[in-house]
Amino acid sequence: MNEILEFLIKRRSVRSFQNKPVPVELVKELIYVANHAPNSMNREPWKFIIITDEEIKERLSKLHKGASHIAKAPMGIAVVAEPDVSPHTWMVDTVNAVMYFVLAAYSVGLGVGWIAAYENAEAKEILKIPKDKVLITLLSIGYPDPDYKPNPKTVKNPDEVIFYNYWEVKNQTSP
Ligand SMILES: Cc1cc2nc3c(=O)[nH]c(=O)nc-3n(C[C@H](O)[C@H](O)[C@H](O)COP(=O)(O)O)c2cc1C
């Protein structure tokens, strides 16, 4: 397995961070990388809100149990899609940009924790996101706490998720 494949497999969600600021200039570089994600007609229908305000992070951390890690993260990011910019593909486009951002962050030693916040009305209000824009996700970002050990993870075997040529055909009949 090559280094990039190993890097992709090693990536785990990070939910505990060092008390060390994340330079905004570095995050701008990561967003520049995210802007290279595949997206329909290259319209880049997304915006990133960089959140460093302690009160805002604290309020977002109360959205639900899985959001608590943003309070202690040095930075939060809200990723917002713009359906008016790309009416048919904004969701797929923006999720691609999120994944590019996340992987770029890991490549420079940062860790990222997702927070389920899709169209969360309270989060949209806190962040003053207009109604016609779509909140895709919130992310906690920071330098990982070296003592943080994620639970071991198992994944499905490829054969469990592969069909050949037609839905539910499990055997490969041609080379
Ligand atoms: C759409 C989405 C929503 C998620 N929501 C949360 C969340 O609210 N809180 C959290 O701590 N992790 C959340 N996660 C992270 C998943 O729990 C995590 O990616 C999954 O368990 C696999 O673990 P890994 O990322 O360490 O490989 C979310 C991930 C995705 C893609």
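How many of the residues of β2 are buried? In this predicted model, the count is seven of the seven, so β2 is largely enclosed by the rest of the structure. The strand covers residues 75-81, and neither of its faces is left open: M75, I77, V79 and A81 are buried on one side, while G76, A78 and V80 are buried on the other. In a regular strand, side chains alternate between the two faces of the sheet.

The next step is the sheet around this strand. Four strands form an open sheet in the order β1-β2-β4-β3, and their pairing is antiparallel. The edges are taken by β1 and β3, each of which has a single partner strand, so one side of each is left without a neighbour in the sheet. On average, and ignoring direction, neighbouring strands of this sheet are turned by 25° against each other. Strands of a sheet pair through backbone hydrogen bonds, either parallel or antiparallel.

The individual pairings can be followed across the sheet. Between β1 and β2 there are six bridges, and the two strands run antiparallel. Here W46 has A81 of β2 as its bridge partner, and I49 is bridged to A78 of β2. On the other pairing of β2, seven bridges connect it to β4, again in the antiparallel sense. V80 is placed opposite L135 of β4, and I77 is placed opposite L139 of that strand. From β4 the sheet continues to β3 through five bridges, with the two strands antiparallel; V112 is bridged to I141 of β4.

How enclosed is β4, and how many of its residues are buried? Seven of its nine residues are buried, so β4 is also largely enclosed by the rest of the structure.

Helix α4 packs against this sheet. The helix runs over residues 90-107, and its 18 residues should span 26 Å at 1.5 Å a residue; the end C-alpha atoms are 26 Å apart, which agrees with that expectation. The buried residues of α4 are W90, D93, T94, A97, V98, F101, V102, A104 and A105. An α-helix has 3.6 residues a turn, so residues three or four places apart point the same way. The buried residues of α4 pack against the strands β1 (46-51), β2 (75-81), β3 (111-115) and β4 (134-142), and also against helix α2 (24-34). After α4 comes G109, which has a positive phi, near 90°.

The ligand draws on several parts of the chain. Around it are R12, S13, R15, G66, A67, G113, W114, I115, A116, P150 and K153. By class, this shell has five nonpolar, three polar and three charged residues.

One of these residues, A67, can be traced further. A67 lies in the loop that leads from α3 (54-61) to β2. Is A67 buried or exposed? A67 has 23 other C-beta atoms within 10 Å, and the cut-off for a buried residue is 20 or more, so A67 is buried. Leaving aside residues up to four places away in sequence, A67 touches L60, S61 and I115. Of these contacts, I115 is also among the residues around the ligand. A further link to a distant part of the sequence is S140: A67 and S140 are 73 residues apart along the chain, yet their C-alpha atoms are separated by 8.8 Å.

How values were computed
Residues numbered from 1 in each chain as written. Predicted model: local features only at pLDDT ≥ 70, side-chain atom pairs only at ≥ 80, totals over all residues. Expected span 1.5 Å × (residues − 1). Buried ≥ 20, exposed ≤ 12 C-beta atoms within 10 Å, placed from the backbone. Contact = placed C-beta atoms within 7 Å. Near = placed C-beta within 6 Å. Nonpolar A, V, L, I, M, F, W, Y, C, P; charged D, E, K, R; others polar. Pairing = 2+ DSSP bridges. Axes fitted to C-alpha atoms, helices over the stretch in contact; angles between N-to-C directions.
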